[in-house]
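Student: I've got the model open and I'd like to go through it with you, one question at a time. Can we start with the backbone and then move on to the ligand?

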Amino acid sequence: MTAELPSMTPERLPPTVAWRGGDEGHLALLDQTRLPHERVVLRIENLDSCIDAIRRLAVRGAPAIGVAAAYGLLLGVRNARPEGRAFLETARECAVRLAAARPTAVNLQWALDRCLQALHETPNLARLRAEADAIFAEDVTSCRRIGEYGRHLVPANGTVLTHCNTGRLATAGDGTALSVLFAAWRMGTRFAVLCDETRPLLQGARLTALELAAEGIPAQVLCDGAAAGIIARGLVKMVIVGADRIARNGDFANKVGTYPVALACAAHRVPFYVAAPRSTFDAQLADGAAIPIEERDASEVLELFGQRMVCPGVGARNPAFDVTPSALVRGFVTDHGLLQPPFGPAIKAMFGVGR
Ligand code: MRU
């Protein structure tokens, strides 16, 4: 683990996720639980540490955990050094453990399935490393394409609201919803951003605000509960969020608190967009009802900075995600273009298109 000087300043951050070294190398993860105060890069050398980093959100955001899991699988198989038929079996066991770390973001399972498929054809470490590197590189490209397809949607001189963190800290590249905002800003469009603080783990306040400030984009944080009232007052021209899993009809799961924002947008006719790569679409699911929702430890809600805020004897519910029906979505900005209603056929057509 390497720690740099404590810093809240929004300079460029170390990479979110990176493989360092050759075949005997390690996974380097920027520990997001320490942001914005400290830059700590974790040296991940085995499967258990990778699972732990994903579980406790040291690495987070759907695409980033997919990339981290692919390298985590490489570490798990490399350290076990299986031979012959045991190779694939070991990989499958490691993949099952990694996939269970966070159940909602489909990118995690998608990345592991891709690695297992590659190993099925060529069961060796070099092939696994190549697949993990490809997943990383494709995510960088996907983020760039999302930015290009979405940047024209951003209203000049307006205010955009976003929820959770969907930027460089959530992907291997520029992000999803934030990639759209970064690309619009680079193109010369000027706007301001309201970041929902994103209870209980404050990804909006700690991470999104940091990324926007680093880019020079005017940003303000607001309590999650303030979003609907601000939208009702006509102060928001557009909302754009990310997604963790999108069903075939366009229903999608994203960080808890997304659904109320979408409802407020529908009530007040504010365009509500979702930005996500094709790897976040789950072709297996007809609609959002079957999306598994991660329930996290109650302590994340009951405590603030390690101190309990709720009297003894009272517990908490802590669903990490909610599901927004596709009827509330104006469009999906994907790495394959902007999808507009009706979403069923649009999503089906996207799956029919090669890369
Ligand atoms: O619990 P997190 O921080 O992993 O949740 C992240 C989100 O909900 C993001 O909006 C989503 O993963 C899209 S990130 C590009």
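Student: In which loop is the place of Asn 157?

Tutor: Keep in mind that this is a predicted model. Look past the end of α5 (125-150) and stop before β5 (159-162) begins. Asn 157 sits in the loop between α5 and β5.

Student: And what is phi of Asn 157 near?

Tutor: Most residues other than glycine have a negative phi. Asn 157 isn't a glycine, yet its phi is positive. The value is near 60 degrees.

Student: Which peptide bond is cis with omega near 5 degrees?

Tutor: Most peptide bonds are trans. For this cis one, go to the loop between β3 (26-30) and β4 (40-44), where you'll find Pro 36. The bond runs from Leu 35 to Pro 36.

Student: Which residues are joined by a cis peptide bond with omega of about 0 degrees?

Tutor: Head for the loop between β16 (337-339) and α11 (343-352), which holds Pro 342. The cis bond there joins Pro 341 and Pro 342.

Student: On to the ligand. Which side chain has an N or O atom 2.6 Å from an oxygen atom of the ligand?

Tutor: Let's go through some candidates. Asp 244 has a side-chain N or O atom 2.9 Å from a ligand oxygen, and for Lys 255 a polar side-chain atom is 2.8 Å from one. The 2.6 Å pair belongs to Asn 254.

Student: How much of the ligand's area does the protein bury?

Tutor: Taken alone, the ligand exposes 420 Å². With the protein around the ligand, the buried share of that area is 100%.

Student: Which elements give two or more residues to the shell around the ligand?

Tutor: The space the ligand takes is the largest cavity. There are 17 residues around the ligand, and among those that come nearest are Ala 62 and Asn 254. The elements giving two or more residues to the shell are α2 (62-80) and β10 (252-255).

Student: How many residues of each class does the shell have?

Tutor: Sort the shell into nonpolar, polar and charged residues. The counts are seven nonpolar, six polar and four charged.

Student: Why does the ligand lie between two domains, and which are they?

Tutor: Check which domains supply the shell around the ligand. Both of them give residues to it, so the ligand lies between domain 1 (2-142) and domain 2 (151-350).

Terms used: Residues numbered from 1 in each chain as written. Predicted model: local features only at pLDDT ≥ 70, side-chain atom pairs only at ≥ 80, totals over all residues. Heavy atoms only, no water. Near = heavy atom within 4 Å. Polar contact = N/O pair within 3.5 Å; in protein donor to acceptor, adjacent residues only side chain to side chain. Areas by Shrake-Rupley, 256 points an atom, 1.4 Å probe, with all protein chains shown as cover. 1 Å grid on protein atoms, 1.4 Å probe; cavity = no way out; pocket = protein on both sides within 12 Å on 5 of 7 lines; lining within 4 Å. Sits in = over half its atoms within 2 Å of the grid points. Helix = DSSP H or I, 4+ residues; strand = E, 2+ residues; numbered from the N terminus. Nonpolar A, V, L, I, M, F, W, Y, C, P; charged D, E, K, R; others polar. Domains from an automatic or database assignment.
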